[in-house]
Amino acid sequence: MSPRALGNLAPPALFGAMVLVAWEAIVRFFHVPVVILPAPTAIFVRFTHSIPTLAADFMQTIQGALAGYIIGSAAGLLVAIAIDRSGFLQRGLLPLGNLVSALPIVGVAPIMVMWFGFDWQSKAAVVVVMTFFPMLVNAVAGLSSAGAMECDLMKTYGASYSQTLMKLRLPAALPFIFNALKLNTTLAMIGAIVAEFFGTPTVGMGFRISTEVGHMSIDMVWATIVVAALAGSAFFAAVALAERRATFWHASYRQRAG
Amino acid sequence: MKNSLPIAFIVAVLIALWYVAAVFMNLSLQRDLFANGGRADVSFGETAIAALNMDRPKLPAPHQIVGELYRTVLDTPVTSKRSLVHHALVTLQETLLGFAIGAALGIGLAVLIVHVGLLEKSMMPWVVASQTIPIIALAPMIVVILNQFDITGILPKAVIAAYLSFFPVTVGIVKGLRSPDPLQMDLMRTYSASRAQTFFKLRAPASAPFFFASMKVAVAAALVGAVVAEVTKSEDGGLGARLLAGSYYGQTVQIWAALFAAAALSATLVSLIGLADQLVARRMGAAR
């Protein structure tokens with residue numbers, strides 16, 4: 001790591017450490033009861049002691065989140081390509097897609113639990129619905145982002161529709177598609193966790209949170225939240241890394257390299 | 001509106017698809033019902049029509065949802081617990097209170113971050129990182145913690161709504177306050193404008209589009225927060241409580257009606273902010 005990157009990393013790391021120390025100090029000094037706020041060290045101890053449970057919960061939830069994420073994003077992209085040739089359908093679907101993006105879609109969770117049962121399939125279904133529209137809207141915008149000059153060039157080459165799509169317009173749409181993919185990582189985690197509030201086999205991060213809250217073992221809740229936060233950030237970071245690899249030519253990365 | 005025809009077309013197609021799906025998803029259920037009633041040889045047409053009018057269908061038909069909305073919105077007095085308006089108002093209160101708290105805190109933090117360099121370096125990465133975290137997981141715990149302090153009613157839910165709307169606001173406003181280009185900032189410096197003057201005459205007006213964009217995201221997020229919070233603590237009613245009650249008792253029509261009410265609420269709030277955006281943009285002389 002370059003010294004400059006280290007310099008950028010130090011202030012937030014220090015700030016984070018300061019918050020943790022202050023948190024620990026306040027809890028110890030004022031004897032805050034565990035049911036209100038456990039100390040970071042208590043959460044850490046709890047975390048290390050319940051790794052098997054936490055791992056099982058993680059596997060259960062990530063299964064639904066990943067399956068839904070892949071299906072929903074792929075479906076959004078495919079529909080965007082399918083309606084690409086029809087301006088009429090685009091003008092009809094885009095405003096609706098934008099509207100749906102602002103709706104509380106997590107609300108379909110109880111319906112999906114009824115249709116697909118308690119296991120991870122229903123969570124995946126919720127995630128499919130949540131991730132579909134952001135991808136659709138972004139992919140349609142991305143497909144129309146190729147410049148007129150480039151499109152004309154493809155025409156002078158006598159390129160077919162599919163050649164133009166594969167060689168010019170899909171690559172040009174990649175930044176938009178990755179934008180949706182990054183947005184969808186958070187939505188997938190939210191969808192999978194909230195859907196578990198509505199019913200699940202006795203495993204999963206959302207299930208763990210709601211039952212441990214009921215038992216007042218708040219340290220376990222925090223341990224689960226740590227797992228959720230780590231998983232969410234790792235998921236996002238993986239997609240961001242893939243984006244860097246796939247769109248290294250894009251202006252936002254070229255500038256930083258120099 | 002040049003888009004109204006395509007939109008109407010798509011909506012019509014979706015409703016037609018919905019009816020087809022409703023028939024097929026409910027058909028076997030309805031056949032069983034007929035068979036249990038001792039009627040084995042019912043024609044397909046009759047079964048299909050019955051399947052669209054079941055009490056507890058797998059997928060209610062659109063007209064059933066409209067009927068349920070009509071019953072619970074217009075035919076029930078607002079004061080009744082069965083009235084959807086009553087529950088929608090509960091959710092609306094939580095959403096607006098949470099949105100106001102979240103937006104105020106978010107704007108405050110954004111202003112601080114833009115003006116205090118150290119704060120930006122140390123806090124901004126955390127604010128950005130927090131967007132990748134499923135913070136909604138905190139909802140049940142926040143309710144319990146606030147309960148310990150005897151804070152009940154709409155406030156705990158508003159806190160969750162505020163928490164969800166806080167981060168998009170901070171990120172959006174920081175971006176907006178940063179949006180004046182260096183040339184304009186230099187101009188303010190040649191005028192020897194104070195920090196406050198630069199803020200009110202340049203930064204704040206320049207951030208208007210970002211402001212409204214993040215307000216739209218924030219109000220939608222606040223509504224999601226309120227609904228999820230109601231699921232975890234459903235005694236006081238609200239659209240989330242209706243969702244939960246519906247899923248306990250298998251009342252699918254009630255779930256869908258609550259969902260549509262939440263969607264309408266969200267769409268209304270977002271479009272109100274859109275309207276304010278347009279008004280402000282016109283007053284500021286933007287060519288839109």
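## Exercises on chains A and B

Buried residues, meaning those with 20 or more other C-beta atoms within 10 Å of their own C-beta atom, as placed from the backbone, make up 41% of the 258 residues in chain A. This is a predicted model, in which local features need pLDDT of at least 70 and side-chain atom pairs count only at pLDDT 80 or more, while totals for chains, interfaces and linings use all residues. Residues are numbered from 1 along each chain as its sequence is written, and chains are lettered from A, with ligands numbered from 1, in the order in which they are written.

**Exercise 1.** State what the secondary structure of chain A comes to.

*Solution.* Begin with the DSSP runs, which count as helices (H or I) from at least four residues and as strands (E) from at least two. In chain A they come to eleven helices and zero strands.

**Exercise 2.** Compare the expected span of H5(B) with the distance between its end C-alpha atoms.

*Solution.* First, take 1.5 Å times one less than the number of residues. For the 14 residues of H5(B) this should give 20 Å, and the end C-alpha atoms are 20 Å apart, which agrees.

**Exercise 3.** Locate the kink in H5(B), and then name the buried residues of this helix.

*Solution.* The bend at a residue is the angle between axes fitted to the seven residues ending there and the seven starting there. A kink of about 40° lies at Met123(B), shortly before the proline Pro125(B). The buried residues of H5(B) are Ser122(B), Met123(B), Met124(B) and Val127(B).

Terms used:
Buried ≥ 20, exposed ≤ 12 C-beta atoms within 10 Å, placed from the backbone.
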